[in-house]
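Grab your viewer and work through these exercises with the chain open in front of you. Try each task before you read its solution.

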Amino acid sequence: MYPGVHAATHPDKPALVMAGSGRSLTYRELDERSLRLANLLRAAGLGRGDVVALLSDNTPEAFEVYWAALRSGMYLCAVNSHLQPAEVAYIVNDSGASALVVSARLGELAEAVTGEVPGVGLRLAHGGSVAGYDDYEQALATASVEVPASQPCGADLLYSSGTTGRPKGIKPALPDREVHEPGNLLVELLRGVFGFDEDTVYLSPAPVYHAAPLRYCASVQAIGGTVVMMEKFDPEGALRAIERHRITHSQWVPTMFVRMLKLDEEVRQRYDLSSHRVAVHAAAPCPVEVKRAMIEWWGPILHEYYAATE
């Protein structure tokens, strides 16, 4: 499944809502804008197996880029926005990226990388102007909306943390199927284990360049639910988002639990969290006392897993 399937049946349903600004992206918009970008990438000479690098903060455009790559048989390489210019350039070059899409909020970093990525032929900036990059909105406005006869499924290409040297790219084999066809193991896992479905409203409080936020949000959109993405984590803001958007599922790291537990009791009890059915956590060991405190507060809805980008 992919957003185009849900655009046909529920075009005005939000595929993504920003928790802070309230800015939203419907399935119709996500489908059309990712299609325009996919056609733009093909017009620039990219094809199956090529790599699109993404340097972005938490914005709706991040998933337009993701789905443009995924519906074109390309790899999406999300780059950590907190890296130094030389580190970003290394990942872009090492991945073999032919296109680089950046957020204007990261303009200084993006400009510093420009001259260090000679293999990148297409550069786009969303959310404002960045020297050396074409305007994302203008580029999409002129792109075709014709759906190609074939939309082979792509994949993500993410990098390890680099704790034992340079970060290493994990490049899976491309799926041998069209993007709308079933076969995504993570999607089936989320359906079967955590009960994700079209009614899921999923809160993502973490940076989109990380593996779990990127993949879980995309899986929710593949299933047809709604992603609520925080611009950045804020402990009370997370509780406010759960209440305001009637969040059903979420994902956290233990540090977020610690910060929420440090809120005054009056603040913690201020918000209605009754819609919240599943809280997944990973990325680091969760201290026993922290997990117990969270279960006492939220109830037996916590699910811990261990995984790795590799």
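**Exercise 1.** Find the loop that holds arginine 246, then work out what its backbone and surface look like.

*Solution.* Step one: arginine 246 sits in the loop between α9 (235–245) and β13 (249–252), where helices (H or I, at least four residues) and strands (E, at least two) are DSSP runs numbered from the N terminus. The model is a predicted one, so local features need pLDDT of at least 70, side-chain atom pairs count only at pLDDT 80 or more, and totals for chains, interfaces and linings use all residues. Residues are numbered from 1 along each chain as its sequence is written, and side-chain values use heavy atoms, with hydrogens and water left out.

Step two: check phi. Arginine 246 is not a glycine, yet its phi is positive, about 55°. Most residues other than glycine have a negative phi.

Step three: arginine 246 has a relative accessible area of 35%, so it is partly exposed. Here buried means under 20% relative accessible area, exposed over 50%, and partly exposed in between (1.4 Å probe, protein chains only).

Step four: look back along α9. Its buried residues are Pro235, Glu236, Gly237, Ala238, Leu239, Ala241 and Ile242. They pack against β11 (201–204), β13, α10 (254–261), α11 (265–268) and α12.

**Exercise 2.** Now try alanine 283: is this residue buried or exposed?

*Solution.* Start with the location: the loop between β14 (278–281) and α12 (288–298). Phi of alanine 283 is near 80°, a positive value in a residue other than glycine. Alanine 283 counts as exposed because its relative accessibility is 74%.

**Exercise 3.** Trace the open sheet and give the order of its 6 strands.

*Solution.* Go strand by strand: the order is β7-β6-β5-β3-β4-β8, and the pairing is parallel; two strands pair if DSSP finds at least two bridges between them. At the edges are β7 (134–135) and β8, each pairing on one side only. Strand β6 (residues 122–126) joins β7 over 2 bridges, and alanine 125 stands opposite aspartate 135 there.

Next, move to β3 and β4, which pair over 4 bridges. Valine 51 has tyrosine 75 in β4 as its bridge partner. In a regular strand the side chains alternate between the two faces of the sheet. Strand β4 (residues 75–78) is covered on both: Tyr75 and Cys77 are buried on one side, Leu76 and Ala78 on the other.

Finally, follow the loop between β3 (51–55) and α3 to threonine 59. With 3% relative accessibility, threonine 59 counts as buried. Leaving aside neighbours within four places in sequence, its contacts (heavy atoms within 4.5 Å) are Met18, Arg105, His126 and Met229.

**Exercise 4.** Which residues in the largest nonpolar core touch the most other members?

*Solution.* First the rule: a nonpolar core is a set of buried Ala, Val, Leu, Ile, Met, Phe, Trp, Tyr and Cys residues joined through side-chain atoms within 4.5 Å. Of the 56 residues in the largest one, the answer is Leu37, Leu41, Phe63, Trp67 and Leu76. Apart from it lies another core of 29 residues, including Leu263, Leu273, Val290 and Leu302.

Then pick out tryptophan 67. Not counting residues up to four places away in sequence, tryptophan 67 touches Met1, Tyr2, Pro3, Leu30, Ser34, Val179, Ala218, Gln221 and Ala222.
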